[in-house]
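I opened this entry to record what I looked up, item by item. The strands come up repeatedly, and the contact between chains is taken up as well.

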Amino acid sequence: MFEVTNPNSIQLTQDGKLKHFLTTEGLPLELLTELLDTADSFADMSAQQVKKVPLLRGKTVVNLFFENSTRTLSTFELAATRLSADVLNLNINTSSTKKGETLRDTLMTLEAMHSDMFIVRHSDSGAAHYIASKVTPEVAIINAGDGRHAHPTQAMLDMLTIRRHKGDFTKLKVAIVGDILHSRVARSQIHALKTLGVPEIHVVAPRTLMPRNIEMLGVRVHYDMAEALRDVDVVMMLRLQKERMNSALLPSESEFYKLYGLSEEKLAYAHPEAIVMHPGPINRGVEIASSVADGPRSVILDQVTNGIAVRMAVMSMAMSGQQSERAAQEQGENNEY
Amino acid sequence: MNIKIAGGRVIDPSQKIDQVTDLYIANGAILALGEQPEGFITDEVFDASGQVVCPGLIDLSAHLREPGDTQKGTIASETAAAVAGGITTLVTPPTTQPIVDTTAVAEMILDRAADSGFARVLPLGALTKGLEGEQLAPMHALASAGCIGFTNARKPINSSLVLLRALEYAATHDLLVIFQAEDRTLVANGCIHEGTTATRLGLTGIPNAAETIEVSRCLLLVEETGVRAHFGQLSCAQSIQLIDNARKRGLRVTADVSIHHLLLTDEQIDGFDSRFHVNPPLRSQLDRAGLRQGIVTDTIEAICSDHQPQDAMSKQAPFAATEPGISGLETLLPLSLLLVEQQLLALPQLIEKLTLAPARVLGIEAGSLAIGSAADVCVFNPEQEWVLTSENIRSKGHNTPFLNYPLKGRVNLTLIDDQPVYRPA
């Protein structure tokens, strides 16, 4: 009874440019491709002597991390610095917001300091959507992970890594392995892979870690590694949080490793040239064998390198989208007089 | 005061009346239908031509938030909202601060309603002390103080023995027990129906079993004890089947559903829209179809607002951190009329589910325009279009997705006894 509009359209300007980056879901193929192309150019640049470009000069980027993270925070910081932005890192322990200041108050205070971009990580699904739609819509919001919902920059750095190794998405078979239920990475990967045209996406986990109706996202569900990995070109591993052991989801780490851990033997089910990915940090001997993580098929360190380029691409595109929208609005306001 | 409500379509399911006629009211009661009684001197005539005249609506679940949460709602503000929606009697749960587990709190609510309220307020008492699920609340004393029934709301009674004892005790005194069935361990920290939308949004789901397990347990213990029992605000199709099967075994149980569960599904939550955060959660299309089937077959006899007003900040956060609830008193009637427009129910059937049926659930003399009944009357124009806005809403809770939504069916007069408690400005 309510009009159905794409709720993810809030991340786009009226003419379809990126102005926030909240989720990979609902973004058109052209935009994802543009993002990968832009990231590619930054990746090449990073290999050169002069690593900085002035795209975000004079802009203030605030890293707002309500959840601990070293890697994601540092790659965002590095990406912003390479774009010549001023960077402020705020590690806001969720307990300090519990002292009374709401998320809304925190954000509005920072907006009043004339920030141009917030990189937000938060333990609640939808936190970035909430901020972009209800709190500070005029600040570019980049989702650096919200609950179990989305981690779109991680997904796009994975896409860049796949493209650099495998080229054409439309001929690939991909498997995503592990704790799908709690994984914002898996959700963002699935949406990106679908849009980029990957014809076969397999997900594999025990039922306790498989979300209800996940097949509605266009993936094939497996409970057995041999089936899921058969002949795939890309194996995307997920991190298993240790605390899952205490919540009746799994009997033990060793049983999980035995059934779903990526060992050399299980990797043999995949295509001989398959690449192995992991968003890190790795639990060796829980999700993946050390020999596989450090082996010739692993592209885990490429992912980290590509992360900086992808984050530079996302930040520069979102900033330019925000600016063009603001310019269009001002134009509109002037026309009214 | 002698009032004549002239020329309206009088619908009274208790007498199976549906005709255009005049209604006469004197001394707070219905005096006559049709012919003007001899010697009746009219103090006021209300022209109801083109409008429906029916018993005042009876709402089986409306949180008023007083005492305790008066920034969200007060007895005065929420009963003012109720009468604007044609509701003349409402049942309010014991989840106030303090909880209704002593006669003092029950009496305070009733006193406050008598002093500052606009509608008749029937408080529910706690089934267990502090709703903690351990010791029985003083049900007999609470009933004597005016509690219409007993519930543990959505607070768990983990021990089936305690639940059994509570039902036995209620049955001893023929007290009504209302279940808002929920297995806390299955709800855990869920905030949305466990389905595709939950998976896509990465929100923790609440499985249907969270409701159906508790409905099953309660039904078995109702069967054991013979207590008068009602299931409030069901959300799952399977719950309706469980109730239906129990009825076929001869169990005397009743059920209601909120209007929003008959109209909306979990798909509305796409985009993390906290206006649709309710508990029990909006469920799948299949569940909604089952509930709609249930109201057609009369497995569900009543429709309620499940009114839960919230202050603005309660809905301002990422979805899971927002408070559940929809402010529903003022939209119960216009939204219910959609069920008639969608040809699910005939208008008299719908009126029954909003008046006579809830009165029967509660075992009270109300919801009727029979001669001698209290003159609790609602007059509404089913075709009149209007919009609920943040300016004209009377509830303190503006938390409804139907704010600024085109509504059809507007109340133009609400009477309690013979007092016009609501007329639009």
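**Arg212 and its surroundings**

I began with Arg212(A), which has 15 C-beta neighbours inside 10 Å and therefore counts as partly exposed. A residue needs 20 or more such neighbours to be buried and 12 or fewer to be exposed, so the count for Arg212(A) falls in between. I note here that the model is a predicted one.

I then located the residue: Arg212(A) sits in the loop between S6 and S7 of chain A. Next I listed its contacts, leaving aside neighbours within four places in sequence. Arg212(A) is in contact with Glu194(B), Gly195(B), Ala198(B), Thr199(B) and Gly205(B). I also checked one distance within the chain: the C-alpha atoms of Arg212(A) and Ile275(A) are separated by 28 Å, with their positions 63 residues apart along the chain.

**The sheet that holds S6 and S7**

I followed the loop to the strands it joins. Strand S6 of chain A, residues 200-204, pairs with S7(A) in the parallel sense over 3 bridges. Within this pair, I found His202(A) opposite Arg220(A) of S7(A).

Both strands belong to an open sheet of 5 strands in chain A, ordered S7-S6-S5-S8-S9, with parallel pairing. I asked which strands stand at the edges. They are S7 (220-222) and S9 (275-277) of chain A; each has a single partner strand, so one side of each is left without a neighbour in the sheet. Neighbouring strands here are turned by 20° against each other on average, direction ignored.

**The sheet that holds S3**

I turned to the open sheet of 4 strands in chain A, whose order is S2-S1-S3-S4 and whose pairing is parallel. Its edge strands are S2 (86-91) and S4 (140-146) of chain A, and each pairs on one side only. For this sheet I recorded an average turn of 15° between neighbouring strands, direction ignored.

I examined strand S3(A) in more detail. Strand S1 of chain A, residues 60-65, is joined to S3(A) by 5 bridges, and the two run parallel; Val61(A) stands opposite Met117(A) in this pair. S3(A), residues 117-122, is likewise joined to S4(A) by 5 bridges in parallel. Across that pairing I noted Ile119(A) opposite Ile142(A) and Val120(A) opposite Asn143(A).

Is S3(A) largely enclosed or left open? I found 6 of its 6 residues buried, so S3(A) is largely enclosed by the rest of the structure. Its two faces are both covered: Met117(A), Ile119(A) and Arg121(A) are buried on one side, and Phe118(A), Val120(A) and His122(A) are buried on the other.

**Helix H5 and the contact with chain B**

I looked up what connects S3(A) to S4(A). S3(A), H5(A) and S4(A) make a right-handed β-α-β unit. Helix H5 of chain A, residues 127-135, lies across S3 and S4 of chain A and runs at about 165° to S4(A).

I then considered the contact between the chains, where 26 residues of chain A meet 22 residues of chain B. On the side of chain A that touches chain B, the elements giving two or more residues are H4 (103-112), H5 and H7 (184-195) of chain A. H5(A) provides the largest share, 4 residues. By class, I counted 11 nonpolar, 8 polar and 7 charged residues on this side of chain A.

Methods:
Residues numbered from 1 in each chain as written. Chains lettered and ligands numbered in written order. Predicted model: local features only at pLDDT ≥ 70, side-chain atom pairs only at ≥ 80, totals over all residues. Pairing = 2+ DSSP bridges. Axes fitted to C-alpha atoms, helices over the stretch in contact; angles between N-to-C directions. Contact = placed C-beta atoms within 7 Å. Nonpolar A, V, L, I, M, F, W, Y, C, P; charged D, E, K, R; others polar. Right-handed = clockwise from strand over helix to strand, strands pointing away.
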